[in-house]
Structure formats: structure tokens, C-alpha cells
Amino acid sequence: MPNEHSSRQYEQDLEAIRSRVLQMGGLVEKQFYDAMTCFRTLDAKESARIIAADVEVNQMEVALDDACSHLIVKRQPAANDLRTVMATIKVITDLERIGDEAAKIARAASAIQQRGVALIAYEDLVRVMGDTAGRLLHGALDAFARLDEKQATRLIIEDEKVDNEFRIVMRNLITFMMEDPRTISLSLDTMWVAKAIERVGDHAKNIAEYVVYIVEGKDIRHTDYAAQQGAA
């Protein structure tokens with residue numbers, strides 16, 4: 001009975017943490033969405049709000065890391081349970097970094113607005129890239145909520161689409177700067193936005209990889225797991 005009670009309490013504690021992680025994920029997802037909207041509108045006040053909101057994300061990371069540490073010490077999980085807690089800690093870290101990338105996008109939008117210049121033609125490519133990364137992030141959070149390793153695997157494969165879109169944006173912007181050096185400052189700001197979006201895609205992919213780790217016990221980072229699954 002004591003062991004059964006302890007196991008049930010552990011599950012309740014872990015579920016409470018998972019719920020808070022998903023709450024953090026929802027906040028970060030909105031922060032990224034708002035940052036992309038800010039890139040389109042160049043709203044200085046909205047940029048400042050998004051940057052300030054990153055403080056809340058950072059505080060949530062600290063609180064959740066502390067909760068996970070207390071869970072390990074108090075419940076002393078082993079095997080699969082410990083694997084779940086450790087993967088959850090890594091998900092928290094990736095969510096915090098996505099918040100950082102959203103803040104970078106907002107800062108770039110603010111810099112463009114302060115220069116008093118219009119966005120360049122390639123902003124549409126950047127927005128498309130942002131939409132792709134946003135869908136990837138949403139899907140990764142959903143896979144984590146449901147521990148759906150099949151969906152997670154599909155998302156890992158789809159991250160290549162974000163990378164391809166990033167390369168297209170870079171080629172276009174480099175050509176643009178070479179043709180008209182007056183656009184260098186604006187093009188560089190746009191590059192920072194594109195790079196931040198690409199990093200959001202990477203962090204979303206990481207979250208999907210942790211789902212696979214939780215469910216299957218396989219650490220698939222730095223492997224060809226997704227390609228193998230795609231070919232299967």
C-alpha cells in the first residue's frame with residue numbers, strides 16, 4: 001500500500017508539472033505568434049511588450065526546474081519515471097529559448113521601425129517561414145501533451161522544411177544586399193529574424209525528439225532516426 005500510494009502521488013506531481021509546462025508552452029507559442037505579427041506591423045509598443053513578456057517565461061523556467069528537482073529528490077523516480085522527468089526538464093529549457101528567439105524578432109522589428117524604413121520584398125518569405133515554424137511548435141507541444149511519438153516523428157522530418165526556407169531567404173537577402181548596398185542594414189535585421197525563426201524550428205524539433213525519448217526510451221538526437229522512419 002505505501003508503494004502504491006507513493007506511485008500515485010508521483011504521478012499526480014508529475015502531471016501537475018506537465019500541466020505547467022504546457023501552460024508555459026502556450027505562453028511561448030503566443031509570444032512567437034505576436035512577434036511575427038510585430039514584424040509585419042512594426043509596432044514599437046508591441047515590440048516592447050513582447051520583450052518584457054520574456055521575463056515571465058524566464059521565471060516560469062526557474063520555477064519549473066525547481067519543481068522537477070524537488071520531484072526527483074522527494075520521489076526518487078527510477079528507470080522510465082526518471083527518464084520522463086529529465087526529458088521534461090529539457091523541454092522546459094527549449095521553451096525558454098523559444099521565448100528568447102521571439103524577443104529577438106521583436107527587437108529586430110523595433111530596430112526596423114526606428115530606422116523609419118519599409119519592409120523589403122522578401123518579408124513575405126520570412127512570414128511563410130514563420131508560419132511553418134509556428135505549426136511545428138504547435139505540433140510539438142501537442143505531441144508532448146499526448147505523448148504521441150508518431151506525430152513527433154513526423155515533426156522531426158518536417159523541420160527540414162524550415163531549414164530549406166531559411167536557406168532560400170538567406171540567398172535572396174544576400175543577392176538583395178549585393179545589388180543595392182543601401183539595403184544592408186534592413187536586410188541584416190531581416191536575417192536576424194529569419195535566423196530566430198530557424199532556431200524556433202530547431203527547438204520545436206528538440207521537443208519532438210524528447211517525446212520519442214519518453215515513449216520509446218531512444219535518444220535520437222544527432223542521428224538519422226527521422227530519415228529512417230521516413231523511408232520505412
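A contact here is a pair of residues with heavy atoms within 4.5 Å. By that definition, 81% of the contacts in the protein chain with a separation of 6 or more are between residues 24 or more positions apart.

The structure is a predicted model, in which local features need pLDDT of at least 70 and side-chain atom pairs count only at pLDDT 80 or more, while totals for chains, interfaces and linings use all residues. Residues are numbered from 1 along each chain as its sequence is written, and side-chain values use heavy atoms, with hydrogens and water left out.

**View A. The whole protein chain has seven helices and zero strands.** Helices (DSSP runs of H or I, at least four residues) and strands (runs of E, at least two) are numbered from the N terminus. Read from that end, the order of elements is α-α-α-α-α-α-α. Along the principal axes, the C-alpha atoms fill a box of roughly 75 × 45 × 20 Å. The chain has 232 residues, and 46% of them count as buried; buried is under 20% relative accessible area, exposed is over 50%, and partly exposed lies in between (1.4 Å probe, protein chains only). The accessible surface comes to about 11800 Å², with 53% of it belonging to carbon and sulfur atoms. Areas are from the Shrake-Rupley method with a 1.4 Å probe, and for residues only the protein chains shown count as cover.

**View B. Lys30 and Asp34 form a salt bridge.** A salt bridge puts a side-chain nitrogen of Lys or Arg within 4 Å of a carboxyl oxygen of Asp or Glu. In this pair the closest N and O atoms are 2.7 Å apart. Lys30 and Asp34 lie four residues apart in helix α1 (residues 2-41), so about one helical turn separates them. Lys30 is partly exposed at 48% relative accessibility, whereas Asp34 is buried at 10%. The pair also belongs to a network of salt bridges that links Lys30, Asp34, Glu46 and Arg49. A search of the whole structure finds 14 salt bridges.

**View C. Glu101 and Lys104 meet in a salt bridge in helix α3.** The distance from N to O is 3.4 Å. Helix α3 covers residues 80-115, and the two partners, three residues apart in it, are separated by about one helical turn. An α-helix has 3.6 residues a turn, so residues three or four places apart point the same way. Lys104 is partly exposed, with 44% relative accessible area. Glu101 is buried, with 8%.

**View D. Arg199 pairs with Asp202 in helix α6.** The closest N and O atoms of this salt bridge are 2.9 Å apart. Three residues, about one turn of the helix, separate the partners. The acidic partner, Asp202, is buried at 17% relative accessible area, and Arg199 counts as partly exposed at 30%.

**View E. Helix α6 carries part of a nonpolar surface patch and is followed by a glycine.** The helix covers residues 184-216. Its 33 residues reach 47 Å from the first C-alpha to the last, close to the expected 48 Å, which is 1.5 Å times one less than the number of residues. Ile184, Leu188 and Trp192 form the patch, with about 280 Å² of accessible area together. Patches take residues with over 30% relative accessible area and no salt bridge, joining like charges within 9 Å and nonpolar side chains (Val, Leu, Ile, Met, Phe, Trp, Tyr) within 5 Å. Trp192 is exposed, at 52% relative accessible area. After the helix comes Gly217, with a positive phi near 75°.

**View F. Leu42 and Gln76 have positive phi values although neither is a glycine.** The phi of Leu42 is about 55°, and this residue sits in the loop between α1 and α2 (44-75). Leu42 is buried, with a relative accessible area of 16%. For Gln76, phi is about 50°. Gln76 lies in the loop between α2 and α3, and is exposed at 63% relative accessible area.

**View G. Cys38 and Cys68 are buried cysteines.** The relative accessible area of Cys38 is 0%; that of Cys68 is 1%. A search of the whole structure finds zero disulfides, a disulfide being a pair of cysteine sulfur atoms within 2.5 Å.
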